[in-house]
Amino acid sequence: MQKRVQANRKSLRTLALSTVLSVLGTSSPACISLLLSTSFAGAAHATTLGDLPPDSVRVPPMVKEKSVSTYIPSKSCTGQGVAVNLIYPNKARYKDGAPVAVVIPGGTGPDGLTFEMHASQVGVIEVRFAFPGGGSPQFGSQGTYDNRGANSLEALKDVILFAGGKKTDYKGRTITELLKEKVKAQPDNIGLVGWDVGGNQALAVLGKNPQELSFVKWMTFYESPVGSMFWPPALGSSSDLKLNNHYRQGSAATGNVLIDYRKLNWAPKQFRNPNRLASRKRGSPGLKGVLYFDENSNGIWEESNEFAFTSALDPELSKQFFPPQVIGGIQKVGLFPAAIWPDNIATVEEAEAFFADRDGSLFVETVAKEFPNLMVTIFASAADHDQQQPDHPHIVFLYNLFLQNKVRFLRLNPDPNYMMAVGGMNVINFVNNKANGSIDSDSIMSQMEPEGLVPDYVYIEAAVAELADRTKGKIYKPSLNGVIVDYTNGAVETPKPEAPLPAKADVKGEVETGKEADAGAAGGDKKPTTSQKATAGKLKSAPAKRK
């Protein structure tokens, strides 16, 4: 825990250091040494960045989480269907039942069964699943993973239909019937949680199926990079040594991400590590070629000094898919004559087809129109878990896109009354942004949640609780005097991790567990995948937290 928090503080200070160096226009070793030897806090006795205060993150008390697993029939999968795990609360949020939250996992992999955000702690049923090709050999969704493409969206649609009481599992049971001995479900109060990249799939599935999924009431996003310019990260991420300093700060707030492409170059024989690593896992030598800004015009990508674009990859690993806008930049500067366009770079037409199912921003207009009473909360903190530009371009881009299309209720970060109720801290510790209010890049930092107070998942718990309560009472007013529904999970303290209990399977693929939810679905991996770890590098969590 402490190491994660220190890493977050280090990230903030590294950003501050980068900003100072940028202003000074220097990167000399002497200057860096001087800055590193000075305390950012100005403490009298602090001489290095390692002199940090003790860990002060507050983890709210938790009750043990129980779950039941099943399969949802879907043409997207072979075998029994989509592997689904439902974590249900000990006590429903309302007397007449527990609302439902479907969690679309972040990362780039197919497995969402080993992920949890502890929604059951606020009386909500948490539905998690594996895309086709995800899960474990003991319990998973059979099929081929298409990197969050059309087949993945089909699986997600079927999961939402089941969670909303519109579809039965492989044994013919609705969600209410499956959980009737555990807790009463209230599937008519259902929402989607787009965690990180999962926000793109949340919007895409609603935009492509507005009639079938018209019962969805709310959405919340965890620092989601919605849009092809943010996933894959075209402006710089936590895994990059350099940010894209050719991006015009503040332009994303207008809906048009501006980049100066004049120094763009292509290194055909070099590798960008994410491509090489992903290829090795699949037994391929990898896709050569790095698209980068050649700052010194020497024709060689120097990773420590020059920003390179990350590409998305197709399932066959045949091409690098850059955002259509970036490919337009390639064409604008005439990097390749049309006759010698590299075979392993997607054309504009190919990129547009690829992102048609993966870019959630393409569906915001449809979602706002087809879901007239939709309520949306976007969570964002001072130090994003992946995107690193100081103006938080992905946050202002998505928020303003919803605002422009007049979604019924829109809020940046949950109501502080809910943070007090869920996090157990005074409201003054948290931001209080006006619902449906305007935001811009100049003031964005004042509207971000602070770091180091509570684990990030607590903010999502608060957002889910608020949206479910607003849905229950049909309350759309922008501000609240307090929580709408008083709820306590009855926990006195967070339970300590314990050895997993042996799973008791009543049928193949269906298991009920009485342990904490970090054990995952039946037979599932108890550790997150590599992509899951990378996605949530900054999550500050309880021992049971995975991502």
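**Exercise 1. Two helices side by side**

At what angle do helix 7 and helix 8 pack, and how far apart are their axes? Work out how the two helices run relative to each other, and who makes the contact.

*Solution.* Keep in mind that this is a predicted model.

- Step 1: find the pieces. Helix 7 covers residues 324-333 and helix 8 covers residues 348-355.
- Step 2: get the geometry. The angle comes out at about 170°, and the axes are 9 Å apart.
- Step 3: classify. Angles over 145 degrees count as roughly antiparallel, so helix 7 is roughly antiparallel to helix 8.
- Step 4: list the contacts. From helix 7 come Pro324, Ile327, Gly328 and Gln331, and they meet Val348, Ala351, Glu352 and Phe355 of helix 8.
- Step 5: sort them by character. The contact has five nonpolar residues, two polar and one charged.

**Exercise 2. Checking up on helix 3**

Compare the expected span of helix 3 with the distance between its end C-alpha atoms, then see how covered the helix is.

*Solution.*

- Step 1: at 1.5 Å a residue, the 14 residues of helix 3 should span 20 Å.
- Step 2: the end C-alpha atoms are 20 Å apart, so the two values agree.
- Step 3: now the burial. Twelve of the 14 residues are buried, so helix 3 is mostly covered, taking buried as under 20% relative accessible area.
- Step 4: look at who is inside. The buried set has Leu153, Leu156 and Ile160 among its members, and also includes Glu154, Lys157 and Asp158.
- Step 5: see what comes after. Helix 3 is followed by Gly165, which has a positive phi near 80°.

**Exercise 3. Into the core**

Which residues have the most contacts inside the largest nonpolar core, and what surrounds Ile378?

*Solution.*

- Step 1: the largest nonpolar core has 90 residues, and those with the most contacts inside it are Leu86, Ile160, Leu192, Phe309, Ile378 and Phe402.
- Step 2: helix 3 (residues 150-163) gives this core its largest share, eight residues.
- Step 3: zoom in on Ile378. Skipping neighbours within four places in sequence, its contacts include Phe221, Ile395, Leu398, Tyr399 and Phe402. Leu410, Arg411, Leu412 and Asn413 are also in contact with Ile378.
- Step 4: don't stop at one core. A second, separate core has 35 residues, including Trp195, Ala435, Ile460 and Ala462.

**Exercise 4. Backbone oddities**

Where do Asn147, Asn413 and Pro232 sit, and what is unusual about their backbones?

*Solution.*

- Step 1: recall the background. Most residues other than glycine have a negative phi, and most peptide bonds are trans.
- Step 2: Asn147 goes against that with a positive phi of about 55°. Asn147 lies in the loop between strand 4 (125-129) and helix 3, and is buried at a relative accessible area of 10%.
- Step 3: Asn413 has a positive phi too, about 75°. Its loop runs between strand 12 (409-412) and helix 11 (416-423), and with 0% relative accessibility Asn413 counts as buried.
- Step 4: the peptide bond joining Trp231 and Pro232 is cis, with omega about -5°. Pro232 belongs to the loop between strand 6 (218-222) and strand 7 (264-267).

**Exercise 5. What hides helix 11?**

How many of the eight residues of helix 11 are buried, and what covers them?

*Solution.*

- Step 1: six of the eight are buried, making helix 11 mostly covered.
- Step 2: they are Pro416, Asn417, Tyr418, Met419, Val422 and Gly423.
- Step 3: the cover includes strand 12 and helix 12 (456-473).

Methods. Residues numbered from 1 in each chain as written. Predicted model: local features only at pLDDT ≥ 70, side-chain atom pairs only at ≥ 80, totals over all residues. Heavy atoms only, no water. Core = buried A, V, L, I, M, F, W, Y, C linked by side-chain atoms within 4.5 Å. Buried < 20%, exposed > 50% of the residue type's maximum accessible area, 1.4 Å probe, protein only. Helix = DSSP H or I, 4+ residues; strand = E, 2+ residues; numbered from the N terminus. Contact = heavy atoms within 4.5 Å. Axes fitted to C-alpha atoms, helices over the stretch in contact; angles between N-to-C directions. Parallel < 35°, antiparallel > 145°, perpendicular 65-115°, else oblique. Nonpolar A, V, L, I, M, F, W, Y, C, P; charged D, E, K, R; others polar. Expected span 1.5 Å × (residues − 1).
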